[in-house]
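Work through the three exercises below with the model open. Each task is followed by a solution in steps.

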Amino acid sequence: MRCSAPKRWLLLCAPLILTACATMGPPLPPSLDLPKAPSDLRAARKGDRVTLTWTLPALTTDRQTIRSLGPTLICRGSGPLKDCENPIGQTASQATPAAPPPSKQKPEGTYTDRLTESMQTDAPGAFATYAVVVLNKEGRGAGLSNQVEISLAHTLPPPQDFQARLTAQGIALSWIGNAPPAAEPGVHYVYRVYRSVQGSEDRMLVAQMPVRELQEFSTTDTTFEWEKTYEYRAETVTVIDAPPAQVEGEDTPTVKVFADDVFPPAVPTGLQAVFSGPGQKPFIDLIWAPVTDADLAGYSVYRHEEGAAPVKLNRELVRTPAYRDSSVEPGKRYWYSVSSVDLRGNESARSEEANEAVP
């Protein structure tokens, strides 16, 4: 039996219709727009201040781009947190974080909590636990972030009368200590002094000393570079042995020092003058003990005859502790002295004189 044209068209198109219908499915549910809980919460304590920092989420729990971002709840407890029913504070609503380029830092949230005196204790294992909950504009969140612990140990005031001054030996640091309290077993205190280049946030530890009954403390920083401006500050740190923890106290006021090298190197010593043997062109050899200053550039040699003013013999700095004077004349006696010169042109006083006669 032959099919008519319309029937043949339906038979040919039927598979296509069935195939097209098979690709359709139920519509996806709308996104709940719940910000993904941060997983990089960090906490740092300085004195009675605890600073929390976390990366603002850019995605929802169902991996959609966040359309709205509300405030962040701050949670604190004395042990592991299960929820955040009684937040201690919250941040203001945050702008929706745009996805930064790979080389840019991601937007962060921050909050500072203050520990009251009654909360602080030197009891072993006394910690506060923190977490945050990021909410959307409707006040809903996906739950707690990762949790971090901060020691509740007491901190001491910073040292008193902290000073930093430039000397030829280095930057002299001094301060007046506080009387150490009767600490719990396993708790002790140290003073730390930090240095940073002006304009930089990077700091370097240059001194550490235990807090003790001695009230006056001093040390010298010799690790700096000349011709730079440095900022110095000191603090008292509480150190707990077990479980190990360290809590930094407040800083002293910053002291700025410009390390301007106006200090000459050491004066050469041990100068000797020796006339050459007969039968050759006369000369006088000079030798002396080397100067060990790290920034030594060289030496200058001076000579004079009796009753005359010293005259420098070398045009360029002498690089080694030895010099040969070939411009001598028979029948004369010469007096010599040597000075040292550093890389910035500071010249020392001249050494004690040595003299030698030319036959």
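A pocket here is an open set of grid points with protein on both sides within 12 Å along at least five of seven lines, and a volume is the space filled by probe spheres set on the points. The model is predicted.

**Exercise 1.** Describe the second largest pocket by its volume and lining.

Solution.
Step 1. The volume of the second largest pocket is about 180 Å³.
Step 2. Its lining consists of Ala168, Trp226, Asp261, Phe263, Pro264, Asp293, Ala294, Asp295 and Arg344.
Step 3. Sorted by class, the lining residues of this pocket give 5 nonpolar and 4 charged, with no polar ones.

**Exercise 2.** Establish the strand order of the open sheet formed by 4 strands, and find its edge strands.

Solution.
Step 1. The order is β4-β3-β6-β7, with antiparallel pairing.
Step 2. β4 (89-90) and β7 (148-151) each pair on one side only, and are the edge strands.
Step 3. At the β4 edge, the antiparallel pairing with β3 (residues 72-77) runs over 2 bridges. Ile74 lies opposite Gly89 of β4.

**Exercise 3.** Locate Asn136 and decide: is Asn136 buried or exposed?

Solution.
Step 1. Asn136 sits in the loop that joins β6 (127-134) to β7.
Step 2. The relative accessible area of Asn136 is 0%. Buried means under 20%, so Asn136 is buried.
Step 3. The Asn136 side chain reaches the backbone nitrogen of Glu138 at 3.0 Å.
Step 4. Beyond neighbours within four places in sequence, Asn136 contacts Leu32, Asp33, Leu34, Pro35, Ser68, Leu69 and Gly70.

Key
Residues numbered from 1 in each chain as written. Predicted model: local features only at pLDDT ≥ 70, side-chain atom pairs only at ≥ 80, totals over all residues. Heavy atoms only, no water. 1 Å grid on protein atoms, 1.4 Å probe; cavity = no way out; pocket = protein on both sides within 12 Å on 5 of 7 lines; lining within 4 Å. Nonpolar A, V, L, I, M, F, W, Y, C, P; charged D, E, K, R; others polar. Pairing = 2+ DSSP bridges. Buried < 20%, exposed > 50% of the residue type's maximum accessible area, 1.4 Å probe, protein only. Polar contact = N/O pair within 3.5 Å; in protein donor to acceptor, adjacent residues only side chain to side chain. Contact = heavy atoms within 4.5 Å.
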